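User: I'm new to this one and I'd like to know how the labels get decided. Can we go through it together?

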Amino acid sequence: MTTQEVANKLVAYCRKGEYAEAQQDLYADNCWSIEPEGTQGFQTVQGMDAIKQKMEQWAQMVEEIHGAEVSDPIVAGNHFAVTMKNDVTFKGQGRMTIEEISVYEVTNGKITKEQFFFPVMG
(Lines give C-alpha, C1' and ligand atoms only; values in the text may rest on other atoms or scores of the structure.)
Protein backbone atom coordinates (compact mmCIF):
# COMPACT_ATOMS: atom_id res chain seq x y z
CA MET A 1 0.00 0.00 0.00
CA THR A 2 1.08 3.56 -0.62
CA THR A 3 1.32 6.09 2.20
CA GLN A 4 -1.89 7.72 0.91
CA GLU A 5 -3.71 4.37 0.98
CA VAL A 6 -2.53 3.63 4.53
CA ALA A 7 -3.55 7.14 5.61
CA ASN A 8 -7.01 6.82 4.08
CA LYS A 9 -7.56 3.42 5.70
CA LEU A 10 -6.43 4.65 9.11
CA VAL A 11 -8.79 7.64 8.94
CA ALA A 12 -11.69 5.36 7.94
CA TYR A 13 -10.98 3.00 10.86
CA CYS A 14 -10.67 5.88 13.34
CA ARG A 15 -13.88 7.53 12.18
CA LYS A 16 -15.69 4.25 12.98
CA GLY A 17 -13.90 3.90 16.34
CA GLU A 18 -12.15 0.73 15.11
CA TYR A 19 -8.73 1.40 16.62
CA ALA A 20 -7.82 -2.22 17.37
CA GLU A 21 -8.71 -3.21 13.80
CA ALA A 22 -6.58 -0.37 12.46
CA GLN A 23 -3.60 -1.49 14.52
CA GLN A 24 -3.97 -5.11 13.43
CA ASP A 25 -4.31 -4.23 9.75
CA LEU A 26 -1.99 -1.26 9.32
CA TYR A 27 0.76 -1.34 11.97
CA ALA A 28 4.15 -3.06 11.74
CA ASP A 29 4.92 -5.47 14.59
CA ASN A 30 7.82 -3.28 15.80
CA CYS A 31 5.96 0.04 15.53
CA TRP A 32 6.86 2.94 17.85
CA SER A 33 4.17 4.93 19.66
CA ILE A 34 5.55 8.26 20.90
CA GLU A 35 3.82 10.45 23.49
CA PRO A 36 4.67 14.08 24.29
CA GLU A 37 7.31 14.51 26.99
CA GLY A 38 5.69 14.86 30.41
CA THR A 39 2.50 12.99 29.55
CA GLN A 40 1.12 11.50 32.75
CA GLY A 41 0.20 7.83 32.68
CA PHE A 42 1.49 7.10 29.19
CA GLN A 43 4.95 6.68 27.80
CA THR A 44 6.68 6.00 24.54
CA VAL A 45 6.56 2.30 23.68
CA GLN A 46 7.67 -0.04 20.91
CA GLY A 47 5.93 -3.17 19.64
CA MET A 48 2.32 -4.12 19.11
CA ASP A 49 1.92 -5.79 22.51
CA ALA A 50 2.97 -2.58 24.28
CA ILE A 51 0.79 -0.44 22.00
CA LYS A 52 -2.23 -2.66 22.68
CA GLN A 53 -1.58 -2.41 26.43
CA LYS A 54 -1.43 1.38 26.13
CA MET A 55 -4.76 1.39 24.27
CA GLU A 56 -6.35 -0.84 26.94
CA GLN A 57 -5.04 1.47 29.67
CA TRP A 58 -6.63 4.47 27.93
CA ALA A 59 -9.95 2.62 27.56
CA GLN A 60 -9.97 1.81 31.28
CA MET A 61 -9.61 5.53 32.08
CA VAL A 62 -12.64 6.50 29.97
CA GLU A 63 -16.12 6.71 31.42
CA GLU A 64 -17.84 7.87 28.20
CA ILE A 65 -16.93 9.08 24.71
CA HIS A 66 -19.36 11.79 23.62
CA GLY A 67 -17.88 12.37 20.19
CA ALA A 68 -14.77 12.21 18.04
CA GLU A 69 -13.55 13.88 14.87
CA VAL A 70 -10.67 12.90 12.58
CA SER A 71 -9.50 15.14 9.74
CA ASP A 72 -8.60 14.04 6.27
CA PRO A 73 -4.91 13.09 6.08
CA ILE A 74 -2.14 15.31 4.79
CA VAL A 75 0.52 13.19 3.08
CA ALA A 76 4.15 14.05 2.38
CA GLY A 77 6.49 11.30 1.21
CA ASN A 78 6.26 8.42 3.66
CA HIS A 79 4.63 10.50 6.41
CA PHE A 80 1.09 11.67 7.01
CA ALA A 81 -0.69 13.71 9.64
CA VAL A 82 -4.24 14.00 10.90
CA THR A 83 -5.91 16.09 13.56
CA MET A 84 -8.07 14.36 16.13
CA LYS A 85 -10.60 15.86 18.51
CA ASN A 86 -12.19 13.79 21.27
CA ASP A 87 -14.98 14.80 23.65
CA VAL A 88 -14.46 12.41 26.58
CA THR A 89 -15.49 11.98 30.19
CA PHE A 90 -12.63 10.41 32.14
CA LYS A 91 -13.25 8.51 35.36
CA GLY A 92 -12.74 10.88 38.28
CA GLN A 93 -11.64 13.76 36.04
CA GLY A 94 -14.82 14.92 34.33
CA ARG A 95 -15.57 15.80 30.75
CA MET A 96 -12.95 17.40 28.51
CA THR A 97 -12.12 17.97 24.87
CA ILE A 98 -8.71 16.76 23.71
CA GLU A 99 -7.27 18.05 20.43
CA GLU A 100 -4.10 16.61 18.95
CA ILE A 101 -2.06 16.26 15.82
CA SER A 102 -0.97 12.72 15.06
CA VAL A 103 1.94 12.08 12.70
CA TYR A 104 2.61 8.67 11.19
CA GLU A 105 5.55 7.14 9.32
CA VAL A 106 4.92 4.41 6.77
CA THR A 107 7.52 1.87 5.63
CA ASN A 108 6.75 -0.97 3.21
CA GLY A 109 3.01 -0.30 3.46
CA LYS A 110 2.84 -0.43 7.28
CA ILE A 111 2.82 2.23 10.00
CA THR A 112 6.19 2.05 11.75
CA LYS A 113 5.84 5.13 13.95
CA GLU A 114 3.03 7.18 15.43
CA GLN A 115 3.69 10.37 17.32
CA PHE A 116 1.15 12.49 19.16
CA PHE A 117 1.28 16.23 19.77
CA PHE A 118 -1.08 17.84 22.30
CA PRO A 119 -0.83 20.16 25.30
CA VAL A 120 0.44 18.31 28.36
CA MET A 121 -1.40 19.22 31.53
CA GLY A 122 0.83 19.62 34.59
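User: Why is Ser33 called buried?

Analyst: Its relative accessibility is 0%. Buried means under 20% relative accessible area, exposed means over 50%, and partly exposed is in between (1.4 Å probe, protein chains only). Ser33 falls under that 20% limit, so it counts as buried. Before we go on: this is a predicted model, where local features need pLDDT of at least 70, side-chain atom pairs count only at pLDDT 80 or more, and totals for chains, interfaces and linings use all residues. Residues are numbered from 1 along each chain as its sequence is written, and side-chain values use heavy atoms, with hydrogens and water left out.

User: What makes the link between the side chains of Ser33 and Glu114 a polar contact?

Analyst: The distance is 2.6 Å. A polar contact is a pair of N or O atoms within 3.5 Å; within protein, one must be able to donate a hydrogen and the other to accept it, and neighbours in sequence count only if both atoms are side-chain atoms. At 2.6 Å the pair is inside the 3.5 Å limit, so the label fits. Ser33 sits in strand β1.

User: What does Ser33 touch, leaving aside neighbours within four places in sequence?

Analyst: Its contacts (heavy atoms within 4.5 Å) include Gln43, Thr44, Val45, Ile51, Lys54 and Glu114.

User: How do you know whether Glu35 is buried or exposed?

Analyst: Same test: 13% relative accessibility is under the buried limit, so Glu35 counts as buried. Glu35 is in the loop between β1 (27–34) and β2 (45–46). Its side chain makes a polar contact of 2.8 Å with the side chain of Lys54. Not counting neighbours within four places in sequence, the residues in contact with Glu35 include Phe42, Lys54, Phe116 and Phe118.

User: What puts Ile51 in a helix?

Analyst: Ile51 lies in helix α3, which covers residues 48–61. Helices (H or I, at least four residues) and strands (E, at least two) are DSSP runs, numbered from the N terminus. Ile51 has 2% relative accessibility, so it counts as buried. Ile51 and Cys31 are 20 residues apart in sequence, with 8.3 Å between their C-alpha atoms. Cys31 is also among the residues that Ile51 touches, along with Gln23, Tyr27 and Trp32.

User: Which label does Phe117 get, and why?

Analyst: Partly exposed: its relative accessible area is 42%, which lies between the two limits, so neither buried nor exposed applies. Phe117 lies in strand β7. The C-alpha atoms of Phe117 and Ser102 are separated by 6.3 Å, though the residues are 15 apart along the chain. Phe117 touches Pro36, Glu99, Glu100, Ile101 and Val103, setting aside residues up to four places away in sequence.

User: Why does Glu69 count as exposed?

Analyst: Its relative accessible area is 51%, and the limit is over 50%, so exposed it is. Glu69 belongs to strand β3 (residues 62–70). Beyond its neighbours within four places, Glu69 is in contact with Thr83, Met84 and Lys85.

User: What makes the phi of Asn108 worth a mention?

Analyst: Phi of Asn108 is near 50°, which is positive in a residue other than glycine. Most residues other than glycine have a negative phi. Asn108 is in the loop between β6 (94–107) and β7 (110–117), and with 78% relative accessibility it counts as exposed.

User: Why is Val6 called buried?

Analyst: Its relative accessible area is 0%, so Val6 passes the buried test. Val6 is found in helix α1 (residues 3–15). Contacts of Val6 outside its neighbours within four places include Leu26, Phe80, Val106 and Ile111.

User: Zooming out, how many helices and strands are there?

Analyst: The chain has three helices and seven strands. From the N terminus, the order is α-α-β-β-α-β-β-β-β-β.

User: And why can the chain be called as compact as a globular protein of that length?

Analyst: Its radius of gyration is 14 Å, close to the 14 Å that the globule rule gives for 122 residues, so the description holds. The radius is taken over C-alpha atoms, and the rule is 2.2 Å times the number of residues to the power 0.38. The C-alpha atoms fill a box of roughly 40 × 25 × 25 Å along the principal axes. Buried residues make up 36% of the 122.
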